[in-house]
Amino acid sequence: MLIIGFILRALVASHVAPLADEMIHGVHSMDIIKAGVLNAQNQCQTWLYLKDIGYRIFGVHALVSRWLSVVFGTLTILVVYLLGKRLFNEKVALLASFFITISAYHIRYALMEMDEAMIFFVLLSFFYFVRETILFNQFRSGE
């Protein structure tokens, strides 16, 4: 499912024309590391720094500005699987990860959006919270 999810997100990222927000925010990260900017009040600095690294390696292009969304969107499929397996069982985990793999909403955000990274990190945080809570409860009960 990770491969299918990556392919779907990469296809959308490479075939959809740039949106208005992308044309405005896509250039914010160009040479931001060289400029030494530590605060941009409307954007996440880590996101801008990672995009700037991508621009330095691959050049300034719409697909390069979308690579983070494609990667984080693909990794979200894995986190959904792990979370579903931890909370329920493998059958539920496979079904949930399948649904997010083909979700038109989630694939659409393979464009240059910070939402993919936010979704990934929120779910990853929730996964670790659940994992540690279960381990803590097992420790307390002496299992």
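# A chat about an eight-helix chain

Reply: Ile-134 is partly exposed, because its relative accessible area is 28%. This is a predicted model.

Me: Where is Ile-134 found?

Reply: Ile-134 belongs to helix 8.

Me: And how far is Ile-134 from Arg-86 in space?

Reply: Their C-alpha atoms are 9.3 Å apart. In sequence, 48 residues separate Ile-134 and Arg-86.

Me: Back up a bit. How many helices and strands does the chain have?

Reply: Eight helices and zero strands. Along the sequence that reads α-α-α-α-α-α-α-α.

Me: What does the C-alpha trace span?

Reply: About 55 × 35 × 25 Å along the principal axes of the chain.

Me: How much of the chain is buried?

Reply: Buried residues make up 34% of the 143 residues.

Me: Now contacts. Of those between residues at least 6 apart in sequence, what share joins residues at least 24 apart?

Reply: That share is 64%.

Me: Let's return to helix 8. Which residues does it cover, and what span should it have?

Reply: Helix 8 covers residues 115-141, which is 27 residues. At 1.5 Å a residue it should span 39 Å. Its end C-alpha atoms are 39 Å apart, so the two agree.

Me: Which residues of helix 8 are buried?

Reply: Glu-116, Ala-117, Phe-120, Phe-127 and Val-130.

Me: What do the buried residues of helix 8 pack against?

Reply: They pack against helix 4, helix 5 and helix 7, the last being residues 104-108.

Me: Some of those numbers sit three or four places apart. Why do residues with that spacing point the same way?

Reply: An α-helix has 3.6 residues a turn, so residues three or four places apart point the same way.

Me: What follows helix 8?

Reply: Gly-142 does. Its phi is positive, near 80 degrees.

Me: Which residue has a positive phi although it is not a glycine?

Reply: Asp-31 is one, with a phi of about 60 degrees. Asp-31 lies in the loop between helix 2 (20-25) and helix 3 (32-35).

Me: Is Asp-31 buried, exposed or partly exposed?

Reply: Partly exposed, because its relative accessibility is 40%.

Me: Change of topic. At what angle do helix 1 and helix 5 pack?

Reply: About 155 degrees, with their axes 9 Å apart. That makes helix 1 roughly antiparallel to helix 5; the cut-off for that word is over 145 degrees.

Me: Is the crossing of helix 1 and helix 5 left-handed or right-handed?

Reply: Helix 1 passes helix 5 in a right-handed crossing.

Me: Which residues make the contact?

Reply: Helix 1 brings Leu-2, Gly-5, Phe-6, Arg-9, Ala-10, Val-12, Ala-13 and Ser-14. Helix 5 brings Leu-63, Arg-66, Val-70, Gly-73, Thr-74, Ile-77 and Leu-78.

Me: How do the residues of that contact divide by class?

Reply: Between helix 1 and helix 5, nine are nonpolar, four polar and two charged.

Me: What about helix 4 and helix 5, at what angle do they pack?

Reply: Helix 4 (residues 45-58) and helix 5 (residues 62-87) pack at about 120 degrees. Their axes are 8 Å apart. Helix 4 and helix 5 are therefore oblique to each other.

Me: Which way does helix 4 pass helix 5, left-handed or right-handed?

Reply: It is a right-handed crossing.

Me: Which residues meet there?

Reply: From helix 4 they are Trp-47, Leu-50, Lys-51, Gly-54, Tyr-55 and Phe-58. From helix 5 they are Val-64, Ser-65, Trp-67, Leu-68, Ser-69 and Phe-72. By class, the contact of helix 4 with helix 5 has eight nonpolar, three polar and one charged residues.

Me: You listed Ile-77 in helix 5 earlier. Is Ile-77 buried or exposed?

Reply: Buried, because its relative accessibility is 2%.

Me: What is Ile-77 in contact with, leaving aside its neighbours within four places in sequence?

Reply: Met-1, Leu-2, Gly-5, Arg-9, Ser-97, Ile-100 and Thr-101.

Me: Thr-101 is new to me. Where is it found?

Reply: Thr-101 is in helix 6, residues 90-102. Thr-101 counts as buried, because its relative accessibility is 1%.

Me: And which residues does Thr-101 contact, with the same neighbours left aside?

Reply: Met-1, Ile-4, Gly-5, Leu-8, Arg-9, Ile-77 and Ile-107.

Me: One more. How far apart are the C-alpha atoms of Ile-77 and Ala-110?

Reply: They are separated by 13 Å. Along the chain, Ile-77 and Ala-110 are 33 residues apart.

Technical notes:
Residues are numbered from 1 along each chain as its sequence is written. This is a predicted model: local features need pLDDT of at least 70, side-chain atom pairs count only at pLDDT 80 or more; totals for chains, interfaces and linings use all residues. Side-chain values use heavy atoms; hydrogens and water are left out. Helices (H or I, at least four residues) and strands (E, at least two) are DSSP runs, numbered from the N terminus. Buried means under 20% relative accessible area, exposed over 50%, partly exposed in between (1.4 Å probe, protein chains only). Contact means heavy atoms within 4.5 Å. Axes are lines fitted to C-alpha atoms, for helices over the stretch in contact, and angles run from 0 to 180 degrees between N-to-C directions. Angles under 35 degrees count as roughly parallel, over 145 as roughly antiparallel, 65 to 115 as roughly perpendicular and the rest as oblique. A crossing is left-handed if the near helix is turned anticlockwise from the far one by less than a right angle, and right-handed if clockwise. Ala, Val, Leu, Ile, Met, Phe, Trp, Tyr, Cys and Pro count as nonpolar, Asp, Glu, Lys and Arg as charged, and the others, Gly among them, as polar. The expected span of a helix is 1.5 Å times one less than its number of residues.
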